[in-house]
Amino acid sequence: MKNRAVFMTGLNKMEIRDVEVPKIKENEVLVKLEYVGICGSDVHYLEHGSIGDFVVNGDFILGHECAGEIVEIGSKVTDLQIGDKVALEPGCTCGQCEFCKNGKYNLCPDVEFLATPPYHGCLENYIAFPANMCFKLPDNITSKEGALVEPLAVGMHAAAQGNVKLGDSVIILGAGCIGLVTLLACKAYGATDITVVDVMQKRLDYAMKLGAT
Ligand SMILES: [Zn+2]
Ligand SMILES: [Zn+2]
């Protein structure tokens with residue numbers, strides 16, 4: 001097994017390097033990554049070296065939207081098997097704090113989020129990951145689609161925050177990946193009149209293709 005990772009080595013500089021295949025712990029699985037999305041945050045780190053308080057220090061692996069196939073399971077993993085296709089939840093959380101216990105683990109103060117300094121991302125062939133942060137994909141979902149579950153979840157959350165309901169009119173500002181998945185989420189929640197705003201025509205065209213009115 002050969003593992004290669006893509007390191008950001010400076011602003012707008014990237015390099016592919018051989019790295020060790022990670023060893024899994026008893027509650028982890030080894031995932032052979034098949035697709036990794038490129039998020040706006042990855043581009044921002046590459047071009048500017050930081051986002052707010054998160055500063056890239058030294059060589060750094062980007063990427064947090066990913067899916068792949070399980071090739072090894074830890075001794076205490078019972079609900080996943082070798083060969084399962086999974087999408088990875090990029091934020092590994094403590095599981096112990098008030099937020100984690102309430103199911104709002106996205107608010108965990110101790111989250112270790114892929115490709116958010118100091119935690120490396122997943123632009124590599126193999127990653128060891130906690131089994132309880134790997135979500136098994138049904139047979140009718142490809143790992144390419146699985147890599148898009150994380151941005152889709154952002155759109156679902158936006159639609160839920162906006163309390164989008166059957167027959168609603170919605171305006172979405174921006175038709176990048178997140179704007180477009182928000183459009184899909186609003187449609188799924190029943191919105192019938194969806195206006196999408198952007199300054200790039202090709203993005204607007206795509207929004208129309210996906211059901212913007
Ligand atoms: Zn992202
Ligand atoms: Zn927590």
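**Strands, core and one helix in a predicted model**

User: What percentage of the 213 residues in the protein chain is buried?

Analyst: This is a predicted model, where local features need pLDDT of at least 70 and side-chain atom pairs count only at pLDDT 80 or more, while totals for chains, interfaces and linings use all residues. Residues are numbered from 1 along each chain as its sequence is written, with chains lettered from A and ligands numbered from 1 in the order in which they are written. Call a residue buried if 20 or more other C-beta atoms (placed from the backbone) lie within 10 Å of its own, exposed if 12 or fewer, and partly exposed in between. On that count, the buried share of the 213 residues is 32%.

User: How many helices and strands are there, and what is the radius of gyration?

Analyst: Going by DSSP runs (H or I of at least four residues for helices, E of at least two for strands, numbered from the N terminus), the chain has six helices and 14 strands. The globule rule, 2.2 Å times the number of residues to the power 0.38, is set against a radius taken over C-alpha atoms. For 213 residues the rule gives 17 Å, and the model comes close to that, so the chain is as compact as a globular protein of that length, with a radius of gyration of 18 Å.

User: Which domains does the largest nonpolar core draw on?

Analyst: A nonpolar core here is a set of buried Ala, Val, Leu, Ile, Met, Phe, Trp, Tyr and Cys residues joined through C-beta atoms within 7 Å. The largest one has 48 residues, with V29, V31, L88, C122, L183, C186 and I194 making the most contacts inside it. Domain bounds come from an automatic or database assignment, and the core takes at least three residues from each of domain 1 (3-147) and domain 2 (153-209).

User: And how far apart are the centres of domain 1 and domain 2?

Analyst: The assignment splits the chain into 3-147 and 153-209. Taken over C-alpha atoms, the centres of these domains are separated by 27 Å.

User: Which residue of β11 is the bridge partner of V29?

Analyst: Strands count as paired if DSSP finds at least two bridges between them. β3 (residues 28-37) has antiparallel pairing with β7 (residues 65-73) over eight bridges, and with β11 (residues 126-130) over five. In β11, the partner of V29 is F129.

User: Which residue of β12 stands opposite V86?

Analyst: V86 sits in β8 (residues 85-88), where V86 and L88 point one way, K85 and A87 the other, and all are buried. β8 runs antiparallel to β7, joined by three bridges, and pairs with β12 (residues 134-136) in the antiparallel sense, again over three. On the β7 side A67 partners A87; on the β12 side V86 faces K136.

User: Which strands are the edges of the open sheet that includes β1?

Analyst: Three strands make up this antiparallel open sheet, in the order β2-β1-β6. β1 (residues 3-10) is joined to β2 by seven bridges, with A5 opposite R17. The strands that pair on one side only are β2 (13-19) and β6 (60-61).

User: Which elements do the buried residues of α5 pack against?

Analyst: α5 (residues 177-188) spans 17 Å over twelve residues, close to the expected 16 Å, which is 1.5 Å times one less than the number of residues. Its buried residues include L180, L183 and C186. Going by contacts (C-beta atoms within 7 Å), they pack against α4 (149-161), β13 (169-173), β14 (193-197) and α6 (201-209).

Key
Two residues are in contact if their C-beta atoms, placed from the backbone, lie within 7 Å.
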